[in-house]
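Okay, thanks for making room for me on the agenda. Have a look at this one, and then I'll walk you through how its pieces are held together.

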Amino acid sequence: MSSSLAVERPLRKNVRVVIDLRPLQEPDRAPLTAAYLRNLLRGFAAESVEGESFVALLSLGLPDPTEALPDLPVVGRRWLPPTRRLGAGAMTLDPFMLRGATIRAGTGSEAAAVYHVAGTSLPFAPGMPVVATLLDLAPWELPHVYQASPAARFGERLRARMLRDAAAIIVGTSTVARTAARSLHLRPDRVRVIPLAADPILSAICDDPESLAASLSREVQRLDLPDRYFVTLGRYDARADIPTLLDALALLSRQKRPASLPAECLWPPAVALAGASVEDRAALARAAARRGLEGRLSYLPPLPQDRLATVIAGSRGALRPSVSDATGWSALEAIACGTPVIASAVGALPEIVGAAGVLIEPRDPAHLARALEALWCDDAFDAQLRAAAVAAQARRPTWLEVARQTRAVYAEASLASQAPPL
């Protein structure tokens, strides 16, 4: 399972891409999918290919995100009725509604048509090859949570069946490729690994140390942060191993303050939680109180990407305890800021983190507590991991490169669909 096809084949001209952009219209509902699509489209717009065009599938009544990309050759828009209020039932209705939207979407030119979907429903029998970017494996890794109702169970089984029929499945790491092929019974030769890139604004923020220091000083005061803090990123749902993090902090709170820790630093470590909703905060506060951790957690308000990058870069480390993570997105964000990561050894995280952090087994609070203490107290260890993070970011692809490799998958899928049967 490799992305070698992306460099072995030249980009094919005259490809029309029918792409589901509904997640971009409601980014708060699926922030990871929205970020992926936004950056991918920017990569497409930054480097045009002769004869390439796009047909956008969009929800009625919501803004058109393609208007912010005037260089993207959008030749058509198909407006769909919103299904978000149907909950799990949307997974059953969407495939048939999308089939209707794709009818004749690839006609009107000499282009070969390809359908691309990321993180949402696939069309039923669309009449063109499907390329699906798989950003989440939790529905199949945690079925007791994400397939608890009959509607959800039927919808996920239907989606798995359609994924098996797709021309190509894109994932971000080789580990996730193997897991997806095994869990969903995918043909391994159809799984393509295209490593993800971080949002370029993150690394750009950190390129000017003097400006970063000034910005960080303002954020510490504005957000009432201590001088030394950890930050958590990502979801606070069943994918996240937050109970283990709280148990680890509780273990540290019962330990004697390390003699090597500077007097001005808090003990146990302070943790700032980014991206938590009001409901998340209430549940986290109750769980922290049960463990005697009042005052050790703070909750960041929604922040624009440049301010969030400043907070991440100024943290002692980014924490991503998890039981399911198919992208390692939050680790990517932290490493782009030159920040060490403490994460669970699941999904994409080991490949993303590498030498830029510490990996622990999920649901192991004692091991996590030792990792937190080491990074919190040991300046030499912190410097070592930061140097590794900077080196890792230098090796990551850009979104222009991700777009090029994705175009190569489009080309292969369209060529395969036109090949005569054996």
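Let me start with a word I'll use a lot: buried means under 20% relative accessible area, exposed means over 50%, and partly exposed is in between, with a 1.4 Å probe and protein chains only. Now the fine print. This is a predicted model, so local features need pLDDT of at least 70 and side-chain atom pairs count only at pLDDT 80 or more, while totals for chains, interfaces and linings use all residues. Residues are numbered from 1 along each chain as its sequence is written, and side-chain values use heavy atoms, with hydrogens and water left out.

Rings first, then. Two rings of Phe, Tyr or Trp (for Trp, the six-membered ring) pair if their centres lie within 6.5 Å; planes under 30 degrees apart are stacked, over 60 edge-to-face, and the rest tilted. On that basis the structure holds 5 aromatic pairs. Take Phe44 and Phe54: the ring centres are 5.4 Å apart and the planes sit at 35°, so this pair is tilted. Phe44 belongs to helix 3 and Phe54 to strand 2, so the pair ties together parts 10 residues apart in sequence. By the way, helices (H or I, at least four residues) and strands (E, at least two) are DSSP runs, numbered from the N terminus. Are those two rings buried or exposed? Phe44 is buried at 2% relative accessible area, and Phe54 is buried at 1%.

Another tilted pair is Phe230 with Trp376, at 5.1 Å centre to centre and 45° between the planes. That one links distant parts of the chain, with Phe230 in strand 8 and Trp376 in helix 16, 146 residues apart. Both Phe230 and Trp376 are buried. There's also a cluster, in which ring pairs link Tyr36, Trp329 and Trp399.

On to the nonpolar cores. By a core I mean a set of buried Ala, Val, Leu, Ile, Met, Phe, Trp, Tyr and Cys residues joined through side-chain atoms within 4.5 Å. The largest has 104 residues, and Leu134, Leu163 and Leu300 have the most contacts inside it. Which helix gives the most to this core? Helix 3 (residues 31-46), with 9 residues. Apart from that core lies another of 32 residues, among them Leu245, Trp267, Leu284 and Leu297.

If you want to click on Leu300, its contacts (heavy atoms within 4.5 Å) include Leu223, Val231, Ala272 and Val311, leaving out residues up to four places away in sequence.

Next, the sheet. It's an open one of 6 strands, in the order 10-9-8-11-12-13, with parallel pairing. Pairing here means DSSP finds at least two bridges between two strands. Strand 10 and strand 13 (357-360) are the edges, each pairing on one side only. From one strand to the next, the twist averages 25°. Strand 12 (residues 341-344) and strand 13 run parallel and are joined by 4 bridges; Ser344, for one, has Ile360 of strand 13 as its bridge partner.

Helix 12 packs on this sheet, touching strand 9 (271-273) and strand 10, and its direction makes about 170° with that of strand 10. Helix 16 (residues 365-377) packs on the sheet too, touching strands 8, 11, 12 and 13, at about 170° to strand 13. For those angles, axes are lines fitted to C-alpha atoms, for helices over the stretch in contact, and values run from 0 to 180 degrees between N-to-C directions.

Last topic, charges. Side chains of opposite charge can pair when their charged atoms come close. I count a salt bridge when a side-chain nitrogen of Lys or Arg is within 4 Å of a carboxyl oxygen of Asp or Glu, and a search of the whole structure finds 20.

Glu47 bridges to Arg404, with the closest N and O atoms 2.8 Å apart. How many residues separate the two in the chain? It's 357, with Glu47 in the loop between helix 3 and strand 2 and Arg404 in helix 18 (residues 399-418). Glu47 is partly exposed at 23%, and Arg404 is partly exposed at 34%.

Then there's Arg291 with Asp247, where the closest N and O atoms are 2.6 Å apart. Arg291 lies in the loop between helix 12 and strand 10, and Asp247 in helix 11, so the pair ties together parts 44 residues apart in sequence.

Finally, Asp382 forms a salt bridge with Arg386 at 3.0 Å between the closest N and O atoms. They're 4 residues apart in helix 17 (residues 379-395), about one helical turn. Asp382 is buried, at 9%. Salt bridges with shared partners join Arg228, Arg316, Asp379, Asp382 and Arg386 into one network.
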